[in-house]
Amino acid sequence: NRKVGALKRAKKEEGRRTLMKKKLLVGIFIIPLTFGIISLSEASIPKEIRTTNVTDSQIILSWITDAQETCQVNYGQTPALGQTAYDMRGQNMVDDTHYVKITGLSPETLYYFELVSGMTVDNNNGVYYQCRTGANIKPSGLDYAFGKVLKSDAQTYATGTIVYFKLSDADAKGSPGESAVWSVLVDANGYWSENLINIRTQ
C-alpha cells in the first residue's frame, strides 16, 4: 500500500511538472509576438520630414518610413486641424516614401499639421508641425529643369524617389543667396521635371 501511495504521489508530481512546462511554453511563445508589434510601430514613425514647395496657396510635406505604409496629412489653421490630404500618387498608395501636396491654402497664413503613416500618428509631440504660406504672387512663364534618376545598378528607374534642390544666383543677375527648398517626385520612367518659375526665395 505504501508503494502504491508513493507511486500515485509520484505520478501527481510528474503531472504538475508537465503542466508547468506547458504553461511555460505558452509564455515563451507570447513574448516574440509582443516584440513584433513594437517593431512594426517603430517602423512606421516618420523620418527625414521636410516642408517644401511653399507658395501662397500650397505646401508639400514629405518623409520616409522603414515600413511600407499608406499616408496622409491632417491639417488646418488651428491645432484642431479638420482637413486631410493624401499622397500625390493616390490615397491607397503604399510605399516607404511619402509625398503629400496640400493645395487651396490661404496666403500668408499659419497652418498646423500632423503626419499619419499607416496607424502611426506623428503630431510633433502634441505641438504639431507648422508652416506659413507665402505672399500672393502669381509668376508667369516657363523655365523647366528636368532629369533622370536611376538606382545603383544604373538601369532600374528610381520611381518614387524624391528630388530636393535649391536655386542659387551664380551670375549675380537674379535674387541674391539661395532659394527655398523645392522638391519633385521621380515618375514611372525615372524622369522628373519642374517649372522653376514658381520657386521662391527663403
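Which residue forms a salt bridge with Asp56? Keep that question in mind; the tour returns to it at a later stop. The model on screen is a predicted one.

**Stop 1: the whole chain**

Start with the protein chain in cartoon view. The protein chain has one helix and twelve strands. Followed along the sequence, the helix comes before the strands, in the pattern α-β-β-β-β-β-β-β-β-β-β-β-β. Of the 202 residues in the protein chain, 32% are buried. Now switch on the surface. The accessible surface of the protein chain is about 13200 Å², and 55% of this belongs to carbon and sulfur atoms. Among contacts in the protein chain with a separation of 6 or more, 58% are between residues 24 or more positions apart.

**Stop 2: a sheet of three strands**

Select residues 47-52, which form β1, then 59-69, which form β2, and 95-102, which form β5. These strands make an open sheet of three strands in the order β1-β2-β5, and the pairing is antiparallel. Which strands are the edge strands? They are β1 and β5, since each pairs on one side only. Neighbouring strands of this sheet are turned by 20° against each other on average, direction ignored. Strands of a sheet pair through backbone hydrogen bonds.

Zoom in on β2 and β5. Seven bridges join these antiparallel strands. To see one bridge, select Leu61 and Val100: Val100 in β5 is the bridge partner of Leu61.

**Stop 3: the nonpolar cores**

Keep Leu61 and Val100 selected and add Trp63, Val73, Tyr75, Ile102 and Phe113 as sticks. These residues touch the most other members of the largest nonpolar core, which has 15 residues. Which elements give two or more residues to this core? They are β2, β3, β5, β6 (110-117) and β8. In soluble globular proteins, nonpolar side chains tend to be buried together.

Another core lies apart from this one. That core has eight residues, among them Val163, Val184, Val186 and Trp192.

**Stop 4: strands β10 and β11**

From Val184, widen the selection to residues 182-185, which form strand β11. Trp182 and Val184 point one way from β11, while Ser183 and Leu185 point the other way. Are these residues buried or exposed? All are buried.

Next select residues 162-165, strand β10. Strands β10 and β11 pair in the antiparallel sense over four bridges. Look across from Ser183 in β11, and Tyr164 stands opposite.

**Stop 5: salt bridges**

The structure holds six salt bridges. Side chains of opposite charge can pair when their charged atoms come close.

Select Asp56 and Arg200 to settle the opening question. Asp56 forms a salt bridge with Arg200, and the closest N and O atoms are 2.9 Å apart. Asp56 lies in the loop between β1 and β2 and Arg200 in the segment after β12 (191-195), so the pair ties together parts that are 144 residues apart in sequence. Asp56 counts as buried because its relative accessibility is 5%. Arg200 is buried too, with a relative accessible area of 16%. Add Lys138 to the selection: Asp56, Lys138 and Arg200 are linked in a network of salt bridges.

Now move to Arg89, which appears in two of the pairs below.

- Asp87 forms a salt bridge with Arg89, with the closest N and O atoms 2.9 Å apart.
- Arg89 forms a salt bridge with Asp95, with the closest N and O atoms 3.0 Å apart.

Asp87 is buried at 4% relative accessibility, and Asp95 is buried at 14%. Arg89, at 28% relative accessibility, counts as partly exposed.

**Stop 6: two residues with positive phi**

Most residues other than glycine have a negative phi. Select Leu81, in the loop between β3 (71-76) and β4 (83-86). Leu81 is not a glycine, but has a positive phi of about 60°. At 15% relative accessibility, Leu81 is buried.

Finish at Tyr128, in the loop between β7 (120-122) and β8 (129-132). What is the phi of Tyr128? The value is near 65°, which is positive in a residue other than glycine. Tyr128 is buried, with a relative accessible area of 17%.

Technical notes:
Residues are numbered from 1 along each chain as its sequence is written. This is a predicted model: local features need pLDDT of at least 70, side-chain atom pairs count only at pLDDT 80 or more; totals for chains, interfaces and linings use all residues. Side-chain values use heavy atoms; hydrogens and water are left out. Buried means under 20% relative accessible area, exposed over 50%, partly exposed in between (1.4 Å probe, protein chains only). Two strands pair if DSSP finds at least two bridges between them. Axes are lines fitted to C-alpha atoms, for helices over the stretch in contact, and angles run from 0 to 180 degrees between N-to-C directions. A nonpolar core is a set of buried Ala, Val, Leu, Ile, Met, Phe, Trp, Tyr and Cys residues joined through side-chain atoms within 4.5 Å. Contact means heavy atoms within 4.5 Å. Accessible areas come from the Shrake-Rupley method with a 1.4 Å probe; for residues, only the protein chains shown count as cover. A salt bridge is a side-chain nitrogen of Lys or Arg within 4 Å of a carboxyl oxygen of Asp or Glu.
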